[in-house]
Amino acid sequence: MKKTLLVVCILAFAAGAHADFGRKMLKKDNVTAVQKAAKAATLSDEEMKELSLQAVAEMDAQNPVVPDGDPMAKRFKALVKGLESEDGLSLNFKLYNVADVNAFATPDGSIRVMAGLMFIMTDDEVLSVIGHEIGHVKLKHAKKQYQKAYSVAAGKDAAAANSGTAGKVLADSQLGKFLEDVLNAKFSRNDEAASDEYGFEFMVRHGYDYHAMESAFTKLAELSGDEGKKSLKATHPGSAERAKAAKDRADAQDRKMKQASR
Ligand SMILES: [Zn+2]
């Protein structure tokens, strides 16, 4: 259960092309009906927030947190200290006690890091991943994923959607499918690249070692082996490609700082 509910963000490339709920899930014969329902089913900001909180509550319920007092928990707390109000956002952080090398964010500003990531990365590398996740929140990337998953969940049973559910965004019967989809959602190549750029600027803004993003992605590329190489031309940017982009940014920043100090 834990596995299937993980949002594959950092390691999104491993599975190849990104998910497309609309096409993947629907049988040919009901596409038109669902498309009609999907058009009508637009999430308001309030509904979006409510569903986002439900999604993260579900994840929090399913994943143990590294206990306070554990050295890794202390290290994590020190890293995220002061980031609760970042760039106009209200953020909260948890460190899941699971071995996956991963992290995710939900649109309400909940950022979750898996212990596996802390094991293999330095502090600045972890921060570069956190900066990337904050980018997804700030740039509202998940909104698209939520809207898509919501349209599908509501469209599957259009009669139940928005009627007879008395104040609920989705009926209970629809919620499970919605959560499964949204928690497995992958971002587009463009969104990942935009978050990488945001994360890099986050590192510069805070005076963290901005070279750490390159080394973080290099580690992920090594972890993914052939999958990472194969995905260079796939829908999702592979880690090697992202490491290269991070290196180019860091080199440019080095030059900028050298010039400024002249
Ligand atoms: Zn991402």
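The following paragraphs lead through the fold of this predicted model, from its overall make-up to its sheet, cores and a helix pair.

The protein contains 13 helices and five strands. Of its 262 residues, 48% are buried. Among contacts with a separation of 6 or more, 73% are made by residues 24 or more positions apart.

The sheet offers a convenient entry point. Three strands form an open sheet in the order β3-β5-β4, and their pairing is mixed. At the edges stand β3 (92–96) and β4 (103–106), each of which pairs on one side only. From one strand to the next, the twist averages 15 degrees. The mixed character can be followed pair by pair. Strands β3 and β5 (residues 110–114) run parallel and are joined by five bridges, with K94 standing opposite R112 in β5. Strands β4 and β5, in contrast, run antiparallel and are joined by four bridges; here A105 stands opposite I111 in β5. The hairpin of β4 and β5 has three residues between the strands, and within this hairpin G109 takes a positive phi near 100 degrees.

Helices pack against this sheet. Helix α4 (residues 45–62) touches β3, β4 and β5, and its direction makes about 30 degrees with that of β3. Helix α7 also lies across β3, β4 and β5, running at about 25 degrees to β4. The burial of β4 can be read residue by residue. In a regular strand, side chains alternate between the two faces of the sheet. In β4, A103 and A105 lie on one side and F104 and T106 on the other; all four are buried, and both faces of the strand are thus covered.

Attention now turns to the nonpolar interior. In soluble globular proteins, nonpolar side chains tend to be buried together. The largest nonpolar core of this model has 39 residues, of which F76, F93, V113, M118, I130 and I134 touch the most other members. Helix α7 (residues 123–138) gives the most to this core, contributing six residues. One of the residues named above, F76, illustrates how distant parts of the sequence are brought together: not counting residues up to four places away in sequence, F76 touches F93, K94, L95, V113, M118 and I130. A second core, separate from the largest, comprises 23 residues, including A55, V98, A149 and F178.

A further piece of the architecture is the pair formed by helix α10 (residues 189–206) and helix α11 (residues 212–224). Their axes come within 10 Å and cross at roughly 135 degrees. Because of this angle, α10 is oblique to α11. On the α10 side, D196, G199, F200 and M203 take part in the contact, meeting A212, M213 and F217 in α11. By class, the residues of this contact divide into five nonpolar, one polar and one charged.

A212 merits a closer look. This residue lies in helix α11. Its relative accessibility is 3%, and A212 therefore counts as buried. What surrounds A212, leaving aside its neighbours within four places in sequence? A212 is in contact with D124, E125, S128 and M203. A longer-range relation involves K247, which is 35 residues from A212 in sequence, while the two C-alpha atoms are 9.2 Å apart in space.

Conventions: Residues numbered from 1 in each chain as written. Predicted model: local features only at pLDDT ≥ 70, side-chain atom pairs only at ≥ 80, totals over all residues. Heavy atoms only, no water. Axes fitted to C-alpha atoms, helices over the stretch in contact; angles between N-to-C directions. Helix = DSSP H or I, 4+ residues; strand = E, 2+ residues; numbered from the N terminus. Parallel < 35°, antiparallel > 145°, perpendicular 65-115°, else oblique. Contact = heavy atoms within 4.5 Å. Nonpolar A, V, L, I, M, F, W, Y, C, P; charged D, E, K, R; others polar. Core = buried A, V, L, I, M, F, W, Y, C linked by side-chain atoms within 4.5 Å. Buried < 20%, exposed > 50% of the residue type's maximum accessible area, 1.4 Å probe, protein only. Pairing = 2+ DSSP bridges.
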